[in-house]
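The following report walks through the model shown below, beginning with one polar contact and widening from there to the strands and the core.

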Amino acid sequence: MKRCLSLVSMRAWLFWLAGGIALFGVTAASAQMGVRQMPVAAKRGVMTVTAPPEIMINGSTLRMSPGVRIRGPNNMLLMSGTLIGQKYAVNYLQEPQGLVREIWILNQAEADAQPKGWDTVTNIRFASDGDLPKVDDGKTPYHLLPKFPKQ
């Protein structure tokens with residue numbers, strides 16, 4: 001029985017070891033991303049975990065759902081108990097019942113970026129806006145039109 005590695009098997013072992021290190025380097029580099037893609041329905045706020053499952057977002061007390069996923073700035077899952085008493089800029093999703101089901105703690109690049117749909121839209125047009133494209137296409141439902149007080 002041979003107890004030492006031959007030169008060929010040693011090269012194969014080193015080849016696989018180098019491949020594993022390279023694979024680890026690729027996954028570590030992909031974990032350090034800049035701006036993550038958030039759902040359009042995600043809301044933004046400042047979160048403080050008071051006593052899990054109770055959290056406070058923008059001054060209102062909310063409750064986390066039983067299967068809540070809290071993702072840190074590096075997109076790794078975090079436990080709510082480790083976040084007690086600290087304030088974080090977050091994006092979050094709520095269930096129809098009002099429970100918070102997903103939370104993303106924002107890194108600096110995401111906190112600085114303005115979410116999609118937060119750009120200013122007005123129904124007032126000025127003469128200086130003549131070269132801008134039309135915002136309202138005339139298909140706004142009646143119940144979404146602005147209401148004016150009765151005199």
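In this predicted model, the side chain of Glu-110 reaches the backbone nitrogen of Arg-36 at a distance of 2.8 Å. Glu-110 has its place in helix α2, which spans residues 108-112, and it counts as buried because its relative accessibility is 3%, under the 20% limit. Setting aside residues up to four places away in sequence, Glu-110 touches Gly-34, Val-35, Arg-36, Met-38, Arg-44 and Ile-105.

A second side chain is directed at the backbone of Glu-110 itself: that of Asn-107 reaches the backbone nitrogen of Glu-110 at 2.9 Å. Asn-107 is found in the loop between β6 and α2, and with a relative accessible area of 15% it too is buried.

Among the residues that Glu-110 touches is Ile-105, which is found in strand β6. Ile-105 counts as buried because its relative accessibility is 3%, again under 20%. Leaving aside neighbours within four places in sequence, Ile-105 is in contact with Arg-36, Ile-70, Arg-71, Gly-72, Pro-73, Leu-78, Leu-83, Tyr-88, Ala-89, Val-90 and Glu-110. One of these partners, Leu-78, lies 27 residues from Ile-105 in sequence, while the two C-alpha atoms are 9.7 Å apart in space.

The three buried residues discussed so far are set out here.

| Residue | Place | Relative accessible area |
|---|---|---|
| Ile-105 | strand β6 | 3% |
| Asn-107 | loop between β6 and α2 | 15% |
| Glu-110 | helix α2 | 3% |

The wider arrangement comes next. The protein chain contains two helices and six strands, and read along the sequence these follow the pattern α-β-β-β-β-β-β-α. Strand β1 (residues 43-51) runs antiparallel to strand β5 (residues 87-94), and six bridges join the two; within this pairing, Val-46 has Ala-89 in β5 as its bridge partner. β1 also pairs in the antiparallel sense with strand β2 (residues 54-57), here over four bridges, and the bridge partner of Ala-51 in β2 is Glu-54. The connection from β1 to β2 is a hairpin through two residues.

Which residues touch the most other members of the largest nonpolar core? That core has 14 residues, and the ones in question are Met-47, Ile-55, Leu-83, Val-90, Tyr-92 and Ile-103. The elements giving two or more residues to this core are β1, β2, β3 (60-71), β5 and β6 (100-105). In soluble globular proteins, nonpolar side chains tend to be buried together. Met-47 offers a view of the surroundings of one core member: apart from neighbours within four places in sequence, it is in contact with Ile-55, Met-56, Ile-57, Leu-83, Gln-86, Lys-87, Tyr-88, Val-90 and Ile-103.

Some totals describe the chain as a whole. Of its 151 residues, 19% count as buried. The chain exposes about 11,900 Å², of which carbon and sulfur atoms supply 63%. Among contacts with a separation of 6 or more, 60% are accounted for by residues 24 or more positions apart; the contact of Ile-105 with Leu-78, at 27 residues apart in sequence, is one that meets this separation.

Notes
Residues numbered from 1 in each chain as written. Predicted model: local features only at pLDDT ≥ 70, side-chain atom pairs only at ≥ 80, totals over all residues. Heavy atoms only, no water. Pairing = 2+ DSSP bridges. Buried < 20%, exposed > 50% of the residue type's maximum accessible area, 1.4 Å probe, protein only. Contact = heavy atoms within 4.5 Å. Areas by Shrake-Rupley, 256 points an atom, 1.4 Å probe, with all protein chains shown as cover. Core = buried A, V, L, I, M, F, W, Y, C linked by side-chain atoms within 4.5 Å. Polar contact = N/O pair within 3.5 Å; in protein donor to acceptor, adjacent residues only side chain to side chain.
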